[in-house]
Each structure stands twice: as structure tokens, then as C-alpha cells.
2 protein chains.
Amino acid sequence: MSSAQQLSDVETPALVLDRPRLARNVARMEARCRELGVAHRPHLKTSKSLEVSRLIPSARGHGATVSTVREAEYFAADGISDLLYAVSIAPGKLPRLARVAETGARLHLAVDHPDTLRLLAEGWATLTEATASVLLEIDCGEHRSGLEPDDPLLLQLARSIEAATGLALGGVFTHGGQSYGAAGPAGVRAVAESERATAVAARDALRSAGHDCGIVSVGSTPTAMHAEHLRGVTELRAGVHVFGDVFQAALGSCALDDVALSVLTTVVGHQRHGRCLVVDAGGLALSKDRSTAGLAAEHDCGYGLLTTREGRLLEGLRVAHAYQEHGMVELPSGASFADFPIGSQLRVLPNHACMTAAAHDCYHVVDDDPERVVAVWSRINGW
Amino acid sequence: MSSAQQLSDVETPALVLDRPRLARNVARMEARCRELGVAHRPHLKTSKSLEVSRLIPSARGHGATVSTVREAEYFAADGISDLLYAVSIAPGKLPRLARVAETGARLHLAVDHPDTLRLLAEGWATLTEATASVLLEIDCGEHRSGLEPDDPLLLQLARSIEAATGLALGGVFTHGGQSYGAAGPAGVRAVAESERATAVAARDALRSAGHDCGIVSVGSTPTAMHAEHLRGVTELRAGVHVFGDVFQAALGSCALDDVALSVLTTVVGHQRHGRCLVVDAGGLALSKDRSTAGLAAEHDCGYGLLTTREGRLLEGLRVAHAYQEHGMVELPSGASFADFPIGSQLRVLPNHACMTAAAHDCYHVVDDDPERVVAVWSRINGW
């Protein structure tokens, strides 16, 4: 593409990525991990982008986290050589993961059930001679997946891993996803301590029984930002911090001014009933995620907050309704349709950056000039 | 691909399309339009698939509806020669649409505002010598977009269209999207009558002022199924009927046994807290659409209902929570983890087929044998 494209020439809806904000967000989390004395294994499921991953030093210096096989293939092919696929492994995914391991990448696979391990142990060695590291998933209170640290299955799984051909026990990992429902910073801090203490307890149980446990991995963006200390933890996994979103801002993990991702949209209608702007970013362009719906009313951002095309927040404007291709933005009193002419462009700061980004196949990158596209960056979707 | 692939060999999550149900759903709506004495202009935003469109006789015999420029390009290139782009036109989209018109396809563009028309009139004739038909959008009570039939702007717009180079007044269209919130079949029937009466009133207003109004277009799947009569209407637009979904079933537009689209998923965990199966279809594979959340509790299907891999409904099982790649399925009393082993496959019937399908790039088509993939069909996403 021409390097001089203006946002005004970009067809909408389209993702816009603010590179200075992205760089600040990345630097903040890298510094935070240094401060906490842990390595960072960034979760790349948010950006799913080579170009974004190349800006995060720890992704290549230490390793990265992914949520799909396609991400593993994509990032391994770009030289990320240590990858945690952090979802319990389904047997049908083993052949492609084995091919990733054959390229020389070190793969860590997630297990929390004897049957998962049995299927993995039966399958892996028939597919490759490469060794897969297995991380045991620990439940620190979210109750989505994982074993409690005192579950006798933990030691049974460790023994089975050590007995299996082609598998090695890499350590433990946990995710305090309940931080997204925590009450304020103190609540998030308590979840961070649950992550830490639970992962360390699991490590201790394994070590007491004579097993290695090199990796003690925790994390989410909110707990990373609020943890008091992470003694005993070796690495932290944060994902959404690179972009931020209005939900993270409501949780205090970032400021609204840090949100680096937005959806460029065009005003295509003025609906006088209800005094709504109609924009061409609906449920497909924004996702139907309503993460902020569970928050106090003043934090409910509908399907996203509006800014001008340059990125200046428009107080009181949010996408109240999202149809497939239509978004409805209620005008607050004091604003008028004349302020938002048909054909003019706005941006939407998303509720949940991971979900919104997944609706698009590239990023339009802006730099110090917030209306000039300096690059188009790739991303990968699907599985 | 091999034509003998089994669902058990398909990597999850993946879309499954039941061809016999699809064919029945298509035939039912085509018959319904004949019964109502109107043409059918199917909305292809649901399937976004060449192969699906080729099964709908009216798409090529009469014309089709699309919601993105990319759909217009994709279907025009496959020979659909009469297309309504049913979202108010943003000026940045005109160049690509003009190229579609240059291929010989007849394009109908949506207008409900003088500024939209001004931008269209200024732009179109500089781009192509092909004539675009303009349909005036009428608001029949949804208040999303469109003009009321007695709005003086209607006649002003008609005059401006007739005065513009390269534009022709094609007629009027309306969409009774409020049918999705209607109270039962009688409520939907009333919305269908609003669609009809409002569109016909707009036609009459145009004709009384001496304008042509060839197209009187209405529709949504629920109103199509429940309308008493459509006197004065020339065509109906239904979209989601091809697949159906659990929301349509709750509205009475189809039966659960008619739902042709599902997401194949693998059980990857047994979470004893909360007695949940963990499946590898989360918010990205299912979408975060919660259309059934507004219905009576017995119709709230979470993020979708579960069936066996063969498609047999599993009473009481639904995806209660959806994370990015994890879905949580609460086990009802009476069911046990042993019934759903780790590594086994299930299917999820979606809340909202349009949103769920958009998360995927192809369909795995099954026929009379519900576990044998007989074809892989394409679909297009993005804008």
C-alpha cells in the first residue's frame, strides 16, 4: 500500500492501531514484569499479529502464549521458538502441533485430566520424535479449567507424564480470570495473590513428590498490573494489555487514553427517533461482546465508546445497539446531528479488544499523526 | 478434500451444515413467497456462500440482498445479476460498487437522507456510466433507519433521484426488525402488517406525486413466516431462514429440528466445580451473541444448545459461558461426565446463525449420513 494513505481514504469498518499507545502499553508490561522479577510470556491471542509480536521483546527472548493451533503455526514460522498452547489439548489437534514441534519450536501443552494426558501420550510419540513439554493447569478460583493444587490427580499426572515417551513435565500454569469480575483494585490484588499462591502450592506439591517443576506461570492483564509480589512465580502471561479496551479501563488496568485499538466507522444515517447516529460498524465489526454490561451503570459502554477520527473521546457517546452491520449511537443532550454529518468518520473504542480484533483481518497503523496510515499489519483468525 | 471425510476427522471448532435441512428451509420460504404472491429477494448475509446461494432459485431468478460490498462483489462475480445493498451507502464504498455495476449487475442502493443522496449523486456518475437504482428506505417501526412514509423528505428525495445523472428511482424497502422482540406469533403478524402497510403507503405517496415505484420490498424471516397477506408488496427479503437458529425457533419461525447450522466441538475438559463440560468452542467460534437472553427463561439458550455429533438434541445442555476459546456446558442432573468423554465431539446449535457463521471461513456439509462430510463450501467474511 501507499505509505501516505489517510484514514479518510480507508474503507469502513476497519481496525485502527495507534502505534505510540501500543509501544507504551508493551513497555509498561515489560517493565512491570521486570519489577515483579518474573519473565513475561505474552499471550498473543489478542493481536494475533506478527508485527505486534515483533514489538514485544519477551515474545522472542523468553516465549509466548497462544490459544489456537493456527497461532502456534503462524508465530513459530516467524521465529518464536517457545510457545505455550494454553487450552487443554484436543486429540484432533496433535498432528499440526507435532509439525510445529518438528520445526524446532519448544511447545508446552496444557493438561488437567488423565484422559487428556492418555490421548496425548498415545498420540504424540507416533507423530514426532520431538519432545513436548506438558504444563499442568491449576485452578486458582476461576473454575474454568485446571486442578486444585492439593488434588491427588496432580501427582498422578506428573508420574504419567514422566513415564510417557516424548513428553516432559514442564511445570504448572494458572489463570485468574475471576479478576474480570473482581471488586476494584483490592479485589484484583487478591486474585493475583490467589494465582501466585495456588501455582506455588502446586509447584511445592510436585517438588515434594520428587518431580521437576521449572515453570510456574500465572497471569492475566489485571492481575499483572495489581499483584503485590510474585515470589515463587517464574513467568507471567498478559495479553490484552497491548491494546487495552474500555473494560480494562473500567477495571483500572489501563486508562482510556491507553486504548490503542479502535474501529474506524462512517456515519451513514441520522435516525431522528431516539436521536441516534447510525454508523457502519455493527455486531460483526465490533463483536457482540458486552463485557462492560456487568459493571456499574456509569461504566456500561454498550458496544463501545466513540471518539473523533483523530481519536479524541466524545463524552457521552457510545454504541447503544449493534445489528449485523448497523451500530446505533445515541446523541447526548447538547449534541446535534450537525456535529456528525453523514459520510463523516468516527472511531469506536471496543469493549473487549480480543473479540473486536478477531472480526478483522488487518490493522491500519497510525503514528504521531493520528489520521495518517503508516503501515498495514497482518493478523490471523480461525483455528 | 476427500469426499469421504468423517466429522470425527474434522478439526474443531468447525461449522457443520446439514444439507437436507437447508434444502427444506429454502423450499419452505420459496413456497411461502409463492403463496404470498411476491417475489423473493433472499438476504445472503446469513450464509455469505456461493454454494448456498446456488440452491436458492430466486437469488438468480429474481435477485438477492447483501449487507456488505464484499458480498456484492462475490455474488455478482458468480452471476447474481440483481443485487440490493441494503445498508445506507457510505461514500467511501462507491468506487467498488461502481465496479460491480460495470460488470453488468443491476445494483439497488439504499437511501434515507438527503446528504446520503447528495454524496451518492455527486460520486456515482464520476465513477461509471452504469445506472444505479435507488431504493428509499422506509421505517415501519423498528426506528433503526428509514423515513416514515408521510415524511416530506420522501418526495424530495424522489425528485432529487430523478434529477441525478446515473441514478433511477427503483422503489421502496422496509425491514420490520422489531419482529425479533414481538410477543408471540400474533405480535409478529402485526409487525408483518406494519411492514406491508408502511411500504405500500410510501409507494402510494410516491405514485400520487407522479413517481414510479416498481419495487415494494419488505421482510425478515419471522414476518415472512407469519404475514397474513402482502397485498401491494412486490418482493420479500428473508435471510436467516436458510439455516434457522435457536432464536428463530423460540420465535416460532422454525422448529429446532429445522436448524441446519451447528458448530462441531470437542470436549476438552471436565470441570467438577459447577459440573461443567469444557468444549473448544468459545466466544470466537460461537460469537458472543445472546439473542435469546431477552426471552423467557425457558428459551434462554446461553450461547447455544448442544446436540450429539450426529445432531440429536441433548435435552438440558447449553453453553452457559463462553470465553475466547472455551465454552462451558453445565451438566443437568442425571447426566454424568462419563457420557461425554474427553476427546468426544458434540455440536452446538447457535443462538444467531448470522453471527456464528461469520466466525468461520467454510462449511462442512453433511447429507443423509449426518457424520459424513460430503463437501466443503466457501463463505466470505469482512467488508
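**Chains A and B: a conversation**

Modeller: In this predicted model, the contact takes 48 residues from chain B and 48 residues from chain A.

Biologist: Which elements of chain B supply the side that touches chain A?

Modeller: β4, α6, β10, α11 and α12 of chain B each give at least two residues to that side. The largest share, five residues, comes from β10(B).

Biologist: What makes a residue on that side count as nonpolar, polar or charged?

Modeller: Asp, Glu, Lys and Arg count as charged, and Gly is among the polar ones. By those classes, the side of chain B that touches chain A has 16 nonpolar, 21 polar and eleven charged residues.

Biologist: Which residues of α5(B) are called buried, and why that word?

Modeller: They are B:Leu94, B:Leu97, B:Ala98, B:Val100 and B:Ala101. A residue is called buried if 20 or more other C-beta atoms lie within 10 Å of its own, so each of these five meets that cut-off.

Biologist: How do you know that they are on the same side of α5(B)?

Modeller: The buried residues cover an arc of only 155° around the axis, which puts them on the same side of the helix. They pack against α4, β4, β5, α6 and β6 of chain B.

Biologist: Why do you say that β4(B) and β5(B) pair?

Modeller: Pairing needs at least two bridges. Five bridges join these parallel strands, so they qualify as a pair. In one of the bridges, B:Ser88 has B:Ala110 of β5(B) as its partner.

Biologist: What makes β2(B) and β3(B) edge strands?

Modeller: Each has a single partner strand, so one side of each is left without a neighbour in the sheet.

Notes. Residues numbered from 1 in each chain as written. Chains lettered and ligands numbered in written order. Predicted model: local features only at pLDDT ≥ 70, side-chain atom pairs only at ≥ 80, totals over all residues. Contact = placed C-beta atoms within 7 Å. Helix = DSSP H or I, 4+ residues; strand = E, 2+ residues; numbered from the N terminus. Buried ≥ 20, exposed ≤ 12 C-beta atoms within 10 Å, placed from the backbone. Arc of directions from axis to C-beta.
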